[in-house]
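Welcome, and thanks for taking a look at this protein. Please have the sequence and the 3D view open side by side as you read.

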Amino acid sequence: MLDENLPTFFFRRSSDNALLRLLYFTQNGSEPAPEYSLQKIDPDLPQSRNKYAVALGDAGFQDVIFAEVCIEPEFQQPTLSAAEIRQANGAPPLPVPLIPDGFTIQLYNPEQQVTVKGEKSTWTGKESWEFEIPQHSFPLPSASRIDREQTNTVASNLSPKILFKWKRDSKFSKDMTCYMIGTSVGGRKSKDPDITIAMYKHGREPYVTIYEPNVRRLDIEDRKGLEVVLLLGAEVIREIYLSPTRDSFNIAGVPNKRKNSRPTPTSSASPTHTHFMTSALGNAPPPKTTSPITQQPTPPIDAETKRLQALVEQEEREREKRDRAEQKRIKKMLEEEEKERKRRDAEVAKETERLRKQFGMAGQDFGPKPNLPPRPTMGAGPGSQLQLPVPPPRPLSAEPRPHHSGGGFGGWFHGLGTSPGAPMGQGYGYGYGNGNSQPGPSSGRRRVGSADSGKMLKKKSTFF
């Protein structure tokens with residue numbers, strides 16, 4: 001509930017009559033009390049076939065009718081497939097009602113018709129229902145009898161009207177909100193910012209809340225008529241568009257699932273049913289016996305059934321014939337492929353034998369396979385290592401090594417037996433020294449005999 005201070009009407013089913021719903025009114029936190037009654041037409045009446053009719057009356061005096069709605073939809077014969085026809089044993093399907101785009105609410109005292117037009121947004125997919133209420137509904141008092149008797153239709157068409165629209169809150173929600181969207185004068189509409197007028201909440205106990213502060217701002221004479229249009233329009237939209245059922249239009253041949261187990265009083269039930277919706281059903285012509293909706297004669301049904309059964313049997317035979325032909329074609333194709341494969345194998349074998357006879361088998365035997373040493377494998381075992389080639393030895397260091405006694409080949413040059421930093425003696429033959437020093441003991445040189453004229457010979461280096 002939005003606010004307990006706002007006028008709210010709760011839709012509750014009657015415990016005595018399954019076709020009756022009571023509207024309980026509450027405001028300012030008061031206890032809900034019955035205010036209106038919603039009475040549906042009895043589906044057992046012959047004039048209620050293929051119709052939807054509901055009336056809004058007084059809760060205490062149900063003979064007083066404020067408004068009513070009667071919808072007669074168009075019917076369409078559905079087209080069924082062969083499988084659906086076989087499932088129905090060839091029986092013709094029931095006609096399907098086409099839900100109309102709008103409906104008309106008939107108001108009484110004063111009599112007035114309010115047309116509700118439905119539309120669906122192509123962008124958001126939300127549905128809405130628009131209607132208009134004239135600002136001046138009551139005729140002006142006049143002493144002329146002509147003015148009192150005539151219906152002021154032209155004046156009502158030219159009088160200014162206020163536009164209203166029921167909008168669905170979302171595409172997947174059944175809650176609605178009614179807005180005042182603008183005005184209309186002589187068919188020319190002017191848009192105004194949307195003003196919230198009423199809210200409908202769907203649930204186990206649906207209710208309509210009227211936003212009274214905004215209703216007071218409307219320039220409408222018949223506020224009671226606006227209230228009746230809001231309540232009755234919300235109920236019709238719920239049953240026809242938001243929550244449609246199979247028996248909404250009382251289609252002939254569809255069993256009524258809502259049966260009242262309690263006996264209804266005979267004193268008040270019959271007069272009430274005869275009085276309700278007199279304008280919608282009282283002048284309706286009696287149903288014709290030749291109508292395909294209300295009653296179908298037996299011979300046409302039997303003829304149609306036989307025709308449909310013959311059609312189904314013919315389609316079944318044609319389908320089996322096509323299946324057999326397709327199986328034969330596939331089998332023949334497989335046999336041809338097998339013959340072609342055998343023929344190619346025979347040609348290959350024949351050509352192979354011819355070449356063998358012509359060239360023989362010489363040269364095709366390459367002898368035994370040579371024994372190659374096994375290759376080392378990486379990671380063959382825990383102790384296995386890769387055998388790498390040993391690099392050549394590096395040359396000795398170029399730095400002179402210390403001289404040892406008795407040597408002769410301890411350094412790069414033979415005879416350089418002095419320690420590093422010691423002066424070199426005379427007669428070394430390399431231009432070192434002053435030539436006057438006495439020759440020392442030779443360690444890396446070799447003297448020759450006297451036959452060599454007393455000269456000291458230089459031994460060649462190993463590297464130079």
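This is a predicted model. Let us begin with the whole protein and then visit some particular places.

**Overall picture**

The protein is built with eight helices and 14 strands. Of its 464 residues, 28% count as buried. The accessible surface amounts to about 32800 Å², and carbon and sulfur atoms hold 54% of that area. As for contacts with a separation of 6 or more, 53% of them link residues 24 or more positions apart.

**The strands at the start of the chain**

A good place to zoom in is the run of strands β1, β2, β3 and β4. Strand β1 (residues 8–13) pairs with β2 in the antiparallel sense, over six bridges. The two are joined by a hairpin that passes through six residues. If you want a register marker for this pair, look at F10, which stands opposite Y24 in β2.

Strand β2 (residues 20–26) also runs antiparallel to strand β3 (residues 33–40), and six bridges join the two. Here again there is a hairpin, with six residues between β2 and β3. In its turn you will find N28, whose phi is positive at about 55 degrees. Two residues of β2 help to fix the register with β3: L23 stands opposite Y36, and Y24 stands opposite P34. Y24 therefore deserves a click of its own, because this residue of β2 faces F10 and is also set opposite P34 in β3.

How many of the residues of β2 are buried? Six of its seven residues are, so this strand is mostly covered.

Moving on, β3 pairs with strand β4 (residues 52–58), once more in the antiparallel sense, and this time over five bridges. In this pair, Q39 is placed opposite A55 in β4.

**The loop between β10 and α2**

Next, please find the loop between β10 (127–134) and α2 (145–149), where Q135 is found. F138 lies in this loop too. Is Q135 buried or exposed? With a relative accessible area of 14%, under the 20% cut-off, Q135 counts as buried. Leaving aside residues up to four places away in sequence, Q135 touches P160, K161 and I162, and also D219, I220 and E221.

F138 is partly exposed, because its relative accessibility of 40% falls between the limits of 20% and 50%. With the same sequence neighbours left out, F138 touches P110, E221 and D222. The C-alpha atoms of F138 and D222 are separated by 7.7 Å, although the two residues are 84 residues apart along the chain. E221 appears among the contacts of Q135 and among those of F138.

**A buried asparagine and a surface patch**

N214 is found in helix α4 (residues 212–215). At a relative accessible area of 13%, N214 is buried. Beyond residues up to four places away in sequence, N214 touches I195, T196 and I197.

For a nonpolar spot on the surface, turn to I330, M333 and L334, which form a patch with about 250 Å² of accessible area together. I330 lies in helix α8 (residues 298–359). With a relative accessible area of 35%, I330 counts as partly exposed.

**Cysteines**

How many disulfides does the model contain? The count comes to zero, the rule being that two cysteine sulfur atoms must lie within 2.5 Å. Two cysteines can be set against the cut-offs for burial. C178, at 0% relative accessibility, is buried because that value is under 20%. C70, at 27%, counts as partly exposed because its value is between 20% and 50%.

**Relative accessibility at a glance**

The table gathers the residues discussed above.

| Residue | Relative accessible area | Class |
|---|---|---|
| C70 | 27% | partly exposed |
| Q135 | 14% | buried |
| F138 | 40% | partly exposed |
| C178 | 0% | buried |
| N214 | 13% | buried |
| I330 | 35% | partly exposed |

Definitions and conventions. Residues numbered from 1 in each chain as written. Predicted model: local features only at pLDDT ≥ 70, side-chain atom pairs only at ≥ 80, totals over all residues. Heavy atoms only, no water. Buried < 20%, exposed > 50% of the residue type's maximum accessible area, 1.4 Å probe, protein only. Helix = DSSP H or I, 4+ residues; strand = E, 2+ residues; numbered from the N terminus. Contact = heavy atoms within 4.5 Å. Areas by Shrake-Rupley, 256 points an atom, 1.4 Å probe, with all protein chains shown as cover. Patch = residues over 30% accessible without salt bridge, like charges linked within 9 Å, V, L, I, M, F, W, Y side chains within 5 Å. Salt bridge = Lys/Arg side-chain N within 4 Å of Asp/Glu carboxyl O. Pairing = 2+ DSSP bridges.
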